[in-house]
Amino acid sequence: MAQTSQAKAQTMRAVALDKFGGPEALKIQDLPIPAIEAQEVLIRVEAAGVGAWDPFEREGRFVEIMGVEPAFPYVLGTDGAGTIAAVGKNVSRFKEGDRVYAAQLANPKGGFYAQYAAIKADNASLIPGHLSIEQAAVLPTDGLTALTGLEKVLGLKSGESLIVFGASGGIGHLALQLAKRLGADVFAIASGTDGVQLAKKLGADRAVDGRGDNVLEAAKEFAPNGIDAALVTAGGERTDRALSAIRKGGRIAYPHGVMPEPAAPDGVEIEAYDGETSPTLIERLNALIDSGPFEVHVDRTFRLEEASKAHEALSEHHLGKIALRIE
Ligand SMILES: NC(=O)c1ccc[n+]([C@@H]2O[C@H](COP(=O)([O-])OP(=O)(O)OC[C@H]3O[C@@H](n4cnc5c(N)ncnc54)[C@H](OP(=O)(O)O)[C@@H]3O)[C@@H](O)[C@H]2O)c1
């Protein structure tokens, strides 16, 4: 394995849990730099994404669902970006110094809230477009989940109309832009006037405030015969009311984790799904991003040492994503 002088250091700074718990359980620690296997790469992490699901994992509920025995200290962080510091002997796609982004859920070798992460090479990619390191760090899981929902689950076609519910959130603001690239007419249901502004800027054909506006009236004006499909990223009574704008024979998709689970009107298909990943899907996401101006919206960036503040910020109104910067 090729190894840079940086990676020769034995330990790294990480935010790790000694036990599952609240934001206060996130503590800076010195931990061993993870070793890589033949099919893995070592990333010198410069930024990590803070996922909407990270508090759930921090509380130990992920390992419970997945039925795995957690190893402590436990390092969170599904998403991240940085520089390749070392490559496993079977990896030919990357070399030291490449700027990459990657996602790996519940990585047993530790997540991205750390100076280094050992990742399956298949989960990593060169950074597309003109994205900053923070933008690349927050992109992968939500970008792939948006794309899986639009193409695989909804089978969205050019010319169709689409609701993006939660259009100013992590998945939503990416889904909106990807759906425009796939040729859809997008009715964006965003949060707050700032959310509506963002959705308009990102190219929504119509954007409304799902916490204040008369969404159904606006939806009727937008598509008098009903809307073809919806990608839903937040649940509740307002969601279910908005979904009555979907036409008979239309379809709805939402990623597992959206609570309460959305309910479909009669005659409308509904499917819960998980975001997928593969080198082909990542290339597809990169190609769509590269095909024109694309914004990954990072609302706030915290230092690694402030990870607990970043977790608290997740539950406050924000647009797009939250990042950690790792020196
Ligand atoms: N299964 C999978 O593969 C997978 C992958 C990624 C994510 N997920 C899950 O999918 C869900 C969404 O993820 P995310 O990253 O997009 O989360 P997020 O950034 O929190 O996005 C949800 C958005 O919905 C907005 N919202 C809530 N109520 C609204 C309303 N009435 N009208 C308009 N907007 C409203 C929220 O805004 P405010 O709160 O500011 O109002 C927020 O911006 C989470 O539960 C996450 O865990 C699952």
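**Exercise 1.** Which residues line the second largest cavity of this predicted model?

*Solution.* Step 1: list the lining. The residues are Glu-57, Tyr-74, Val-75, Leu-76, Gly-77, Thr-78, Gln-104, Leu-105, Ala-106, Asn-107 and Gly-111. Step 2: sort them by class. The lining of the second largest cavity comprises 5 nonpolar, 5 polar and 1 charged residues. Step 3: state the volume. The second largest cavity holds about 40 Å³ of space.

**Exercise 2.** Determine how many cavities of 30 Å³ or more the whole structure contains, and describe the largest cavity.

*Solution.* Step 1: count. The search of the whole structure returns 2 cavities of 30 Å³ or more. Step 2: state the volume. The largest cavity has about 50 Å³ of space. Step 3: identify the lining. Tyr-101, Ala-102, Ala-103, Asn-123, Ala-124, Ser-125, Pro-140, Leu-144, Thr-277, Ile-282 and Leu-285 surround the largest cavity. Step 4: assign elements. Two or more lining residues come from each of β6 (99-103), β8 (124-126), α5 (140-153) and α10 (279-290). With 3 residues, β6 gives the most. Step 5: classify. This lining has 8 nonpolar and 3 polar residues, and no charged residues.

**Exercise 3.** Characterise the second largest pocket by volume, lining and class of residue.

*Solution.* Step 1: state the volume. The second largest pocket has a volume of about 370 Å³. Step 2: locate its centre. Of the 20 lining residues, Ala-71, Asn-107, Pro-108, Lys-109 and Gly-110 are the closest to the centre. Step 3: assign elements. Those that give two or more residues to the lining are β2 (27-32), α3 (61-66) and β4 (74-75). Step 4: classify. The lining of the second largest pocket divides into 16 nonpolar, 2 polar and 2 charged residues.

**Exercise 4.** Establish which residues of helix α8 (residues 215-222) are buried, and why they fall on the same side of α8.

*Solution.* Step 1: select the buried residues. In α8 these are Val-215, Ala-218 and Ala-219. Step 2: examine their directions. They lie on the same side of α8 because they cover an arc of only 100° around the axis. Step 3: recall the helix geometry. An α-helix has 3.6 residues a turn, so residues three or four places apart point the same way. Step 4: inspect the opposite face. The face turned away from the buried side of α8 bears the exposed residues Glu-217, Lys-220 and Glu-221. Step 5: find the cover. Among what covers the buried residues of α8 are β10 (185-190), β11 (206-209), β12 (227-232) and α9 (237-242). Step 6: examine the N-terminal end. Asn-214 caps this end of α8, with a side-chain oxygen 3.4 Å from the backbone nitrogen of Leu-216.

How values were computed. Residues are numbered from 1 along each chain as its sequence is written. This is a predicted model: local features need pLDDT of at least 70, side-chain atom pairs count only at pLDDT 80 or more; totals for chains, interfaces and linings use all residues. Side-chain values use heavy atoms; hydrogens and water are left out. Buried means under 20% relative accessible area, exposed over 50%, partly exposed in between (1.4 Å probe, protein chains only). Helices (H or I, at least four residues) and strands (E, at least two) are DSSP runs, numbered from the N terminus. The arc is that of the directions from the helix axis to the C-beta atoms. Contact means heavy atoms within 4.5 Å. A polar contact is a pair of N or O atoms within 3.5 Å; within protein, one must be able to donate a hydrogen and the other to accept it, and residues adjacent in sequence count only if both atoms are side-chain atoms. On a 1 Å grid over the protein atoms alone, a cavity is a set of points where a 1.4 Å probe fits but cannot get out, and a pocket is an open set with protein on both sides within 12 Å along at least five of seven lines; lining residues have an atom within 4 Å of a point. Grid points are joined across faces, edges and corners, and a volume is the space filled by probe spheres set on the points. Ala, Val, Leu, Ile, Met, Phe, Trp, Tyr, Cys and Pro count as nonpolar, Asp, Glu, Lys and Arg as charged, and the others, Gly among them, as polar.
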